[in-house]
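Colleague: I'm new to this one, so could you put it up and take me through it slowly?
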Amino acid sequence: MDSLRSFRSLRLLPWSSPEGKPCFLDAEEGAGGYVSRLADDTEATQLAEGLDVLGEARRVLEDPASPNVAVRYAAVRLAECLADALRVAESRGRRLPVGG
């Protein structure tokens, strides 16, 4: 149980290291600090961007005359935004209290 507690006390940050590895912050020590606030702002920006991309992608996908390159670009951007949203969800899920 101690390993689960320490796992949950690590906040998954919304960015990766230069090597592409996940970055973590000790949620207890970093709560309210600069990195925590930066992570909160980054997550909010990522989710807002996802909404914008979703709106643009819907317009492209609803138009049967959209060129293939536009459809492909929309799919690439949607995949990027989905990855960001899943990372935010994982990060927030790790911080939920265990048990009732």
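Modeller: Before we begin, a word on terms: helices (H or I, at least four residues) and strands (E, at least two) are DSSP runs, numbered from the N terminus. With that in hand, serine 16 is found in strand β1, which covers residues 10-16. Residues are numbered from 1 along each chain as its sequence is written. This is a predicted model, in which local features need pLDDT of at least 70, side-chain atom pairs count only at pLDDT 80 or more, and totals for chains, interfaces and linings use all residues, while side-chain values use heavy atoms and leave out hydrogens and water.

Colleague: How many helices and strands are there, and what order do they run in?
Modeller: The protein chain has four helices and two strands, and from the N terminus on the elements run α-β-β-α-α-α.

Colleague: Back to serine 16, what does it touch?
Modeller: Taking contact to mean heavy atoms within 4.5 Å, and leaving aside neighbours within four places in sequence, serine 16 is in contact with Lys21, Cys23 and Arg87.

Colleague: And why does serine 16 count as partly exposed?
Modeller: Because its relative accessibility is 36%, and buried means under 20% relative accessible area, exposed over 50% and partly exposed in between, with a 1.4 Å probe and protein chains only.

Colleague: Is serine 66 buried or exposed?
Modeller: Serine 66 is buried, since its relative accessible area is 15%, and this residue lies in the loop between α3 and α4, the latter being residues 68-94. Not counting residues up to four places away in sequence, serine 66 touches Val60 and Val71.

Colleague: What does the side chain of serine 66 reach?
Modeller: That side chain reaches the backbone oxygen of valine 60 at 2.6 Å. A polar contact here is a pair of N or O atoms within 3.5 Å; within protein, one must be able to donate a hydrogen and the other to accept it, and residues adjacent in sequence count only if both atoms are side-chain atoms.

Colleague: Where does leucine 61 lie?
Modeller: Leucine 61 lies in helix α3, residues 34-62, and counts as exposed because its relative accessibility is 51%. The C-alpha atoms of leucine 61 and proline 14 are separated by 28 Å, the two residues being 47 apart along the chain.

Colleague: Changing topic, what does the C-alpha trace span along its principal axes?
Modeller: The C-alpha trace of the protein chain spans about 55 × 30 × 25 Å, and of the 100 residues 23% count as buried.
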